[in-house]
Amino acid sequence: MAETICRSLRDGSLEGEQAPALTIKDSLQSPLGSHVFDHFLSTLVSHISAGRSQASGLVLVAFNRSPSFYLDLFKRKGLDASPVDKSFRILDCFSDPLGWKDRLVDSASAEKSILKDSATVFKNVRDVNKLSSSILDLGNGFIGEGKVRFAVAIDLVSNMLRHVSLPSVAGLLNNLRSNDRISCIFWLIHSDLHEPRASAALEYISTMVASLEPMMQSSDGQKTSGSLLWLEENSRKAKFHVRLKRRNGRVKLLYEELHMEQAEIRFEAASSVKTIVDQNLLPRVQFNLQLSDKERADRSNVVLPFEHQGNGEAIQIYDGRRSLSEGQKDPHLMQPSAFSHKMDAQSNNDKGEIHYIRDSDDERPDSDEDPDDDLDI
């Protein structure tokens, strides 16, 4: 399942389509979202550096951690520094998100000396339009053959929502995804820090949603030893649920287990794989979509119009391609109707007649004309 997400981010978007978008959700009960984000980030940077991705580079918008953390992350992952420097840019919204450090000259000069070559400091996260322009400007620096595309990663949207309204954040992400130069985009959100509508808005514009849920559910009134066991278990393991939206509109649900092993994550198939229909995904209507046993029995006893009952006799179906044999009569035409008698009487007449019928609103005929006269043919 994680390989499916990595492959989708690596392959990017088709011409004329919006870029794939991934939302990673976690909570305090399952706080492993940052490790999942780092896994997808380092995997995608590895594909880009090796030239196996549609994107020629990646722009990381860092709200939660400093640029030096990500540079150390790539070193721990064994990525070469030279290819990473060519295909990786950081827009630093962590060091001075509101521009307060500009008032401290010494601190600002020290920050510039450290991050002069590795990141670009952004000092007004409240200006969404300027933030979008800065992301696109960093993407222009990547070099590639043909149409150059680049990926965008935002390490924590929750920090962005502290300074910017939800409609502005959703509009920024949707505009980036709609840009024809963006290959893919993904982000992390702490869902329990916001109202449900915040997660719902980000999921709406996403093609993939990865949700982390605790392996052990907490219960009220549990003892201290049980609480410690719960914290330890959920800090090392989690349920990894993925929802994929396909191009034809269908939704695919996947489930794996996530395990932490010495700052590395590992995905495993669920111990008991079952096909479960989520009742929350079914439409809520005001009528019953299923039949009871009595309704099924009544439906089976209904004789449909095209069914021939036979009345205990052999059933003969006239196909219309041959006439009935002499002396054989159609059982459905045993009793002639009044209409057939009238047709026979008219066929015996030697002459045909044309009858003129006047409406009640028409004027009456002149006295010298007989309205009952018939015209002989």
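## Crossing of H2 and H3

In this predicted model, helix H2 passes helix H3 in a right-handed crossing. H3 spans residues 67–76, and the axes of the two helices come within 11 Å and cross at roughly 65°. That angle makes H2 roughly perpendicular to H3, because angles of 65 to 115 degrees fall in that class.

On the H2 side, the contact is made by Phe37, Asp38, Leu41, Ser42 and Val45. H3 contributes Phe69, Tyr70, Leu73 and Phe74. By class, the residues of the contact of H2 with H3 divide into 7 nonpolar, 1 polar and 1 charged.

## Packing of H1 on H2

Helix H2, residues 33–49, also packs with helix H1, residues 2–11. Here the angle is about 45° and the axes lie 10 Å apart. H1 is therefore oblique to H2. The crossing of H1 past H2 is right-handed.

From H1, the residues in this contact are Ala2, Ile5, Cys6, Leu9 and Arg10. Their counterparts on H2 are His39, Phe40, Thr43, Leu44 and His47. The contact of H1 with H2 comprises 6 nonpolar, 3 polar and 1 charged residues.

## Nonpolar cores

The largest nonpolar core holds 44 residues, and Phe40, Leu41, Leu58 and Phe240 touch the most other members. H2 supplies the largest share of this core, with 7 residues. Two of the residues named for this core also take part in the helix contacts described above: Phe40 in the contact of H1 with H2, and Leu41 in the contact of H2 with H3.

Phe240 has contacts that reach several parts of the sequence. Apart from neighbours within four places in sequence, Phe240 is in contact with Met1, Ile5, Val36 and Phe40, among others. Its further partners include Ala210, Ser211 and Leu212, as well as Leu254, Tyr255, Glu256, Leu258 and Phe267. Of these partners, Ile5 belongs to the H1 side of the contact with H2, and Phe40 to the H2 side.

A second core, separate from the largest, has 34 residues. Leu131, Leu136, Met160 and Ala198 are among them.

## The chain as a whole

The protein chain contains 12 helices and 12 strands. Of its 377 residues, 34% are buried. Among contacts with a separation of 6 or more, 72% are between residues 24 or more positions apart.

Conventions:
Residues numbered from 1 in each chain as written. Predicted model: local features only at pLDDT ≥ 70, side-chain atom pairs only at ≥ 80, totals over all residues. Heavy atoms only, no water. Axes fitted to C-alpha atoms, helices over the stretch in contact; angles between N-to-C directions. Helix = DSSP H or I, 4+ residues; strand = E, 2+ residues; numbered from the N terminus. Parallel < 35°, antiparallel > 145°, perpendicular 65-115°, else oblique. Left-handed = near helix turned anticlockwise from the far one by under 90°. Contact = heavy atoms within 4.5 Å. Nonpolar A, V, L, I, M, F, W, Y, C, P; charged D, E, K, R; others polar. Core = buried A, V, L, I, M, F, W, Y, C linked by side-chain atoms within 4.5 Å. Buried < 20%, exposed > 50% of the residue type's maximum accessible area, 1.4 Å probe, protein only.
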